[in-house]
2 protein chains.
Amino acid sequence: MSDLHFTVGVIGLGLIGGSMALDLKRRGFASEVLGVEQDPVAAEAAKTIGLVDEVVPYEDCIRRADIVVVAVPVGAAVKLVPDILNRFAAMEASIPEKIVMDVCSTKSQICHATQYHPLRGRFVSTHPMAGTEYSGPWAAQPGLFDGRACIFANSEESSPKALKTIEELYAVLNMRPIYMNADQHDVHTAYVSHISHVTSFALALTVLDKEKDEKHIFDLASGGFSSTVRLAKSNADMWVPILSQNHDNILHVMDTYIDKMQQFRDAIATYDEAKIRELIQEANRIKKILR
Amino acid sequence: MSDLHFTVGVIGLGLIGGSMALDLKRRGFASEVLGVEQDPVAAEAAKTIGLVDEVVPYEDCIRRADIVVVAVPVGAAVKLVPDILNRFAAMEASIPEKIVMDVCSTKSQICHATQYHPLRGRFVSTHPMAGTEYSGPWAAQPGLFDGRACIFANSEESSPKALKTIEELYAVLNMRPIYMNADQHDVHTAYVSHISHVTSFALALTVLDKEKDEKHIFDLASGGFSSTVRLAKSNADMWVPILSQNHDNILHVMDTYIDKMQQFRDAIATYDEAKIRELIQEANRIKKILR
């Protein structure tokens, strides 16, 4: 494999996998991008759009790619990564130094599932913190990752050489690396990502309930509502395994959240304007932190 | 008062009052804009920015303006509008046909508080559905209202002439009029505006709680979190009276919302992936409604 001219195999040609395929090729990191896509409609679309050079069977991808990017929902990824490491082991004598990386939104289970694999060093576990509420190859876009943060989880378990190659890959995508323990990552993302999705889903469900008898309610939906409910468009295939895998953390955050809602409810129910004001002003502190 | 060249008096030079002052003058609807602002810093800023031609005392504004726009938080507006109608009545012999309108986010209380006033016809109660999460004269911006919806509440209680003048005012602001009963307005906005603010406040409080012991949690905040939490920057002076005045509706919506969160919590707690999927896919229906 020639320096910075890798054959990259992307398994899962959705928003993340597809966008990564686009930029790695355009920016010269990959000399060739192979794609693997189970869904025949998505596979055909990826070809038509031109996200990859070739859509190939899974086994061919593992055999031909220098770097395999696993970009499927985390429930499937957690089984796929050990399987890929096993296949690397079987090929080891003839083709050394292949790398597999995942791009999933939860990191504990996938890191635990690979922890004691003899080829653990060839696996680099990452979470590029970029995306939109849309999914599928048609949602892929160039520049999606530019300027955003990318988490490297348990990077000390990867071999220095594999880690360096994947750091270069993300440098090409203009991502800012953050190194973090996998378990810690899952606590943090429960707070700054997963709970936002659940609150949006619940908001959509609440308003859709009402809409059954009020046809024109959405005439009044303003920018505020759209922005709060945006994440409720997110795909179930992606989010069911995230919420399921990050079970303990997300429940803990949801309990805190439900408690805060209940405090608001009680203050409003008792016309306690001083308490409502106190809660809002405390919440306003978010201004100083997010710009 | 010459046709479409009114003296407009704006009471409350915040985001809404200030933005309205700007466009009514620029677009020629107002020949002169007077401002009333209790807060001396905001008053000085409004002068410096040039939102109005003149900042004047309240009494002068009522006396000189053809149209008085009440753009203060709804807790104050509900007292101010009847007072202004009383002052109109006292001047009636010498200066007829003045109009007062409000731009508040809840409509029931203010419409009930003026319902039996002898000059009720001179009052036009509106809710321009535009805004940002920022407040104060420094948040005012031209074009804020363009293309958005404006609710006229209980417009049959306004005189046809006063209503027509205010319809012209909003036509100049490029707003799309929607006519609605005040009580119905408050039900709808509880669903598509007020609950979004409460869920954002609660989200900010939840994450800020965690942040006390996790300094770097916000490094991970991505676009999804920012958009969901954006409304938590909203001003307490505006939102305390809204949540307090729209008490019954907002409690009803919050109860539905807390129930939906609880359904999610139970599904996650019991690893019931089929139920999590069902809830997410039901929430996804919001895609068809909001584009």
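## The interface in numbers

Put chain B and chain A together and about 8,500 Å² gets buried between them, with carbon and sulfur atoms accounting for 71% of that area. Keep in mind that this is a predicted model. Chain B brings 86 residues to the contact, and chain A brings 86 residues as well.

## Polar and charged links

On the polar side, 24 residue pairs make polar contact across the interface of chain B and chain A, counting pairs with both residues at pLDDT 80 or more. There are also 6 salt bridges between chain B and chain A. One of them joins Lys260(B) to Asp209(A), with 3.2 Å between the closest N and O atoms.

## What chain B puts in

Which elements of chain B supply at least two residues each to the side that touches chain A? Two are strands, E7 (149–153) and E8 (176–180). The rest are helices: H7 (182–211), H8 (223–229), H9 (236–245), H10 (247–269), H11 (273–284) and H12 (286–289). H7(B) gives the most, at 22 residues.

Sort the residues on this side of chain B by type and you get 47 nonpolar, 21 polar and 18 charged.

## A quick check on helix H10 of chain A

How far apart are the end C-alpha atoms of helix H10 of chain A? They sit 32 Å apart, and that agrees with the 33 Å that its 23 residues (247–269) should span, because the estimate takes 1.5 Å a residue. After H10(A) comes Tyr271(A), which has a positive phi, near 50 degrees.

Methods
Residues are numbered from 1 along each chain as its sequence is written. Chains are lettered from A and ligands numbered from 1 in the order in which they are written. This is a predicted model: local features need pLDDT of at least 70, side-chain atom pairs count only at pLDDT 80 or more; totals for chains, interfaces and linings use all residues. Side-chain values use heavy atoms; hydrogens and water are left out. Helices (H or I, at least four residues) and strands (E, at least two) are DSSP runs, numbered from the N terminus. The expected span of a helix is 1.5 Å times one less than its number of residues. Contact means heavy atoms within 4.5 Å. Buried area is the accessible area (1.4 Å probe) that two parts lose on being put together, summed over both. A salt bridge is a side-chain nitrogen of Lys or Arg within 4 Å of a carboxyl oxygen of Asp or Glu. A polar contact is a pair of N or O atoms within 3.5 Å; within protein, one must be able to donate a hydrogen and the other to accept it, and residues adjacent in sequence count only if both atoms are side-chain atoms. Ala, Val, Leu, Ile, Met, Phe, Trp, Tyr, Cys and Pro count as nonpolar, Asp, Glu, Lys and Arg as charged, and the others, Gly among them, as polar.
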